[in-house]
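Trainee: Could you take me through one part of this model in detail, beginning with an aromatic residue in the interior and working outward from there?

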Amino acid sequence: MTVSPIKLAKVQRLRDDFEYFAKHCLKIRTKSGTTIPFQMNAAQRRMHEQLEKQRKETGKVRAIVLKGRQMGASTYIEGRFYWRLWGGKGLRAFILTHEQAATDNLFVMAKRYHDNMPDALRHPTKAANAKELAFEGRECSYSVATAGTKEVGRSSTLQLFHGSEVGFWPNAEDHTAGVIQTIADVEGTERIFESTANGIGNVFHRRYRAAERGDSEDIAVFMPWHWDEGYVQ
């Protein structure tokens with residue numbers, strides 16, 4: 001079957017432009033419980049701009065995000081990773097959260113993205129359970145876990161990692177050190193730690209301050225509460 005140049009151009013734009021992909025392919029749930037197309041709010045757009053700037057300059061994303069509550073950071077990151085998996089091959093995304101309820105919620109979010117994709121663009125899955133979503137024939141997968149034992153996440157080789165609410169992780173020192181070792185220092189990889197503030201001196205606070213000073217490979221991304229437009233997940 002011959003594919004028209006117009007359709008090819010559209011697919012290419014979907015691969016290259018996350019905001020376009022989100023608007024046309026991803027669905028989110030609002031506070032009122034309705035499901036609508038994912039159009040980034042101001043906070044998400046600013047975060048996206050900073051991550052894309054780093055990616056274009058270095059080929060990688062290494063970021064630590066200090067956020068207000070209900071800003072849509074996780075909604076954006078999970079959408080971004082789903083987009084990377086949809087358009088890529090051989091990518092493994094891993095999301096580590098601070099508690100089981102958050103783990104469940106983020107997986108439901110990813111499953112919602114997948115289930116609501118346009119039929120012609122939705123990849124078939126070879127695994128779709130409560131912890132993993134894997135695309136058939138693409139060697140791409142998305143999995144979630146809850147921070148607990150020191151070993152969680154250490155045995156994998158990952159290309160995309162999201163650490164959610166790192167400031168609240170038990171064993172945070174071990175988890176962050178282990179995660180960093182699983183991600184190769186190569187083009188196309190992404191590692192994003194995010195959290196609301198939770199005291200001074202913990203690993204998240206120290207890493208964020210180091211990024212602010214320019215003493216690490218991470219960029220510091222600040223999402224203050226006043227960017228909130230009353231929009232969530």
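Mentor: Y113 is buried, and its relative accessible area is 0%; please keep in mind throughout that this is a predicted model. Y82 has a relative accessible area of 1%, so it counts as buried too, since the cut-off for that class is under 20%.

A pair of aromatic rings is described by the distance of the centres and the angle of the planes. By the ring-pair rule the count comes to 12 aromatic pairs. One of them is formed by Y82 and Y113, a tilted pair with 6.4 Å from centre to centre and 50° between the planes. This pair links distant parts of the chain, given that Y82 sits in helix α4 and Y113 in helix α5, 31 residues apart. Ring pairs also join Y82 and Y113 with F18, F38, Y76, W83 and F135 into a cluster.

Helix α4 also carries R80, a residue that, with 0% relative accessibility, counts as buried. The side chain of R80 makes a polar contact, at 2.8 Å, with the side chain of E52.

The two helices that hold the tyrosine pair appear again in the largest pocket, whose volume is about 460 Å³. Of the 22 residues lining this pocket, K67, Q70, S74, N105 and E165 are the closest to its centre. Helices α4 (73-87) and α5 (100-115) each supply at least two residues of that lining, and α5 gives the most, with five residues. Sorted by character, the lining residues of the largest pocket divide into eight nonpolar, 10 polar and four charged.

Q70 deserves a closer look in its own right: this residue is found in the loop between β3 (61-67) and α4, and it has a positive phi of about 60° although it is not a glycine. Its relative accessibility is 48%, so Q70 counts as partly exposed, the cut-off for exposed being over 50%. A positive phi in a residue other than glycine is found for N171 as well, with a value near 55°. N171 has its place in the loop between β8 and α6 (172-182), and with a relative accessible area of 31% it is partly exposed.

From that loop one can step back into the strands, where β4 (residues 92-97) is mostly covered, with five of its six residues buried. Strand β4 has parallel neighbours, one of them being β7 (residues 140-146), to which six bridges join it; within this pairing, Y142 in β7 is the bridge partner of A93. Strand β8 (residues 160-164) also runs parallel to β4, and four bridges join the two, with H162 in β8 as the bridge partner of I95.

Strand β8 also contains S164, which at 5% relative accessibility counts as buried. The C-alpha atoms of S164 and H98 are separated by 6.7 Å, although these residues are 66 residues apart along the chain.

How values were computed:
Residues are numbered from 1 along each chain as its sequence is written. This is a predicted model: local features need pLDDT of at least 70, side-chain atom pairs count only at pLDDT 80 or more; totals for chains, interfaces and linings use all residues. Side-chain values use heavy atoms; hydrogens and water are left out. On a 1 Å grid over the protein atoms alone, a cavity is a set of points where a 1.4 Å probe fits but cannot get out, and a pocket is an open set with protein on both sides within 12 Å along at least five of seven lines; lining residues have an atom within 4 Å of a point. Grid points are joined across faces, edges and corners, and a volume is the space filled by probe spheres set on the points. Ala, Val, Leu, Ile, Met, Phe, Trp, Tyr, Cys and Pro count as nonpolar, Asp, Glu, Lys and Arg as charged, and the others, Gly among them, as polar. Rings of Phe, Tyr and Trp (its six-membered ring) pair if their centres lie within 6.5 Å; planes under 30 degrees apart count as stacked, over 60 as edge-to-face and the rest as tilted. Buried means under 20% relative accessible area, exposed over 50%, partly exposed in between (1.4 Å probe, protein chains only). Two strands pair if DSSP finds at least two bridges between them. A polar contact is a pair of N or O atoms within 3.5 Å; within protein, one must be able to donate a hydrogen and the other to accept it, and residues adjacent in sequence count only if both atoms are side-chain atoms.
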